[in-house]
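Work through the exercises below with the sequence and the coordinates open. Try each task before reading its solution.

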Amino acid sequence: FEQCVCLISEQKKKRDDMEKSRQIQLVKKAKKGDDQAFITLCEDYQQVIYNAAYKILLNHADASDCLQEAELKAWQNIRSLKNEAAFNSWLFRIMANIAKSMLTKKQKYVELKDYHLVSQQQETTVSDDIQDSVAKLPDVYRIILVLYYYAGFSIKQISEQERKPINTVKTRLARGRKMLKELLEDKKYG
């Protein structure tokens, strides 16, 4: 059994390494002006970037605008990308900055979804409660929660993307969770 697990892990690592190598080659081509390579890169990450933008902006039209603006800005600045292997994080940071700017202008709210329960009715109720509660959180906590729980970024990655110290990210994540917990408990017992 352990040999099978090791073999599967090695195969996954090889696939991940091949994918990263492919990404690096596409970024190098895009930096030289190859628009098709850039389009391929954007297509690879389009769904996850769009979904994250939607989770932040709560509006399909705004998420589409954000994605389009992020891709355009990335194309205009691709030559400034120093680490080709970090294209996805770089593109995500561009999207997050644009989304934050849109939030500031429109003062929209974020949702945090993806809690899976057995009962569909329970899932809807919990999901609605979470959305309502997350919408009440200040932006600084909301964005960190979305990046961490929805987008799956590590604290270090969030720190790099937000250009904040790791301890600041940890503090905001903890405070955001605490505030969310309190809001959900108020809904449950209030």
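The exercises go from the overall fold and its confidence to single helices, rings and loop residues.

The model is predicted, so local features are used only at pLDDT of at least 70 and side-chain atom pairs only at pLDDT 80 or more, while totals for chains, interfaces and linings use all residues. Residues are numbered from 1 along each chain as its sequence is written, and side-chain values use heavy atoms, with hydrogens and water left out.

**Exercise 1. Fold and surface**

Task: State how many helices and strands the protein has, and what share of its residues is buried.

Solution. Step 1: take helices (H or I, at least four residues) and strands (E, at least two) as DSSP runs, numbered from the N terminus. The protein then has 8 helices and 0 strands, in the order α-α-α-α-α-α-α-α from the N terminus.

Step 2: classify residues by relative accessible area, where buried means under 20%, exposed over 50% and partly exposed in between (1.4 Å probe, protein chains only). Of 190 residues, 35% are buried.

Step 3: compute the accessible area by the Shrake-Rupley method with a 1.4 Å probe; for residues, only the protein chains shown count as cover. About 11900 Å² is exposed, and carbon and sulfur atoms supply 51% of that area.

Step 4: count contacts (heavy atoms within 4.5 Å). Among those between residues at least 6 apart in sequence, 66% join residues at least 24 apart.

**Exercise 2. Confidence**

Task: Find the helices where confidence is lowest and highest.

Solution. Step 1: average the pLDDT, the predictor's confidence in each residue from 0 to 100. The mean for the protein is 80, and 79% of the residues score at least 70.

Step 2: average by helix. The lowest mean, 60, belongs to α5 (residues 120–135), and the highest, 94, to α3.

Step 3: look for a weak stretch. Residues 108–124 have pLDDT below 50, yet this stretch has 45 contacts in the model beyond near neighbours in sequence.

**Exercise 3. Two helix spans**

Task: Compare the end-to-end reach of α2 and of α6 with the expected span of each.

Solution. Step 1: the expected span is 1.5 Å times one less than the number of residues.

Step 2: α6 has 12 residues and reaches 15 Å between its first and last C-alpha, close to the expected 16 Å. Just after α6, G152 has a positive phi of about 75°.

Step 3: α2 has 23 residues, but its end C-alpha atoms are only 28 Å apart, short of the 33 Å of a straight helix. Look for a bend, the angle between axes fitted to the seven residues ending at a residue and the seven starting there. α2 has a kink of about 50° centred on Q46.

**Exercise 4. Aromatic rings**

Task: Count the aromatic pairs and describe F38 with W75.

Solution. Step 1: rings of Phe, Tyr and Trp (its six-membered ring) pair if their centres lie within 6.5 Å; planes under 30 degrees apart are stacked, over 60 edge-to-face and the rest tilted. The count is 5 aromatic pairs.

Step 2: F38 and W75 are tilted, with 5.0 Å between centres and 55° between planes. F38 is in α2 (residues 35–57) and W75 in α3 (residues 60–77), so the pair ties together parts 37 residues apart in sequence. F38 is buried at 6% relative accessible area, while W75 is partly exposed at 31%.

Step 3: F87 and W90 are also tilted, at 5.9 Å and 50°. Both are in α4 (residues 87–106), 3 residues apart, about one turn of the helix. An α-helix has 3.6 residues a turn, so residues three or four places apart point the same way. F87 is buried at 0%, and W90 is buried at 10%.

Step 4: join the rings. F38, Y45, W75, F87 and W90 form one aromatic cluster.

**Exercise 5. Loop residues**

Task: Place R163 and S80 and state how accessible each residue is.

Solution. Step 1: R163 is in the loop between α7 (155–162) and α8 (166–189) and is exposed at 62%. Its phi is near 55°, a positive value in a residue other than glycine. Most residues other than glycine have a negative phi.

Step 2: S80 is in the loop between α3 and α4 and is partly exposed at 41%. The C-alpha atoms of S80 and K31 are 8.5 Å apart, with their positions 49 residues apart along the chain.
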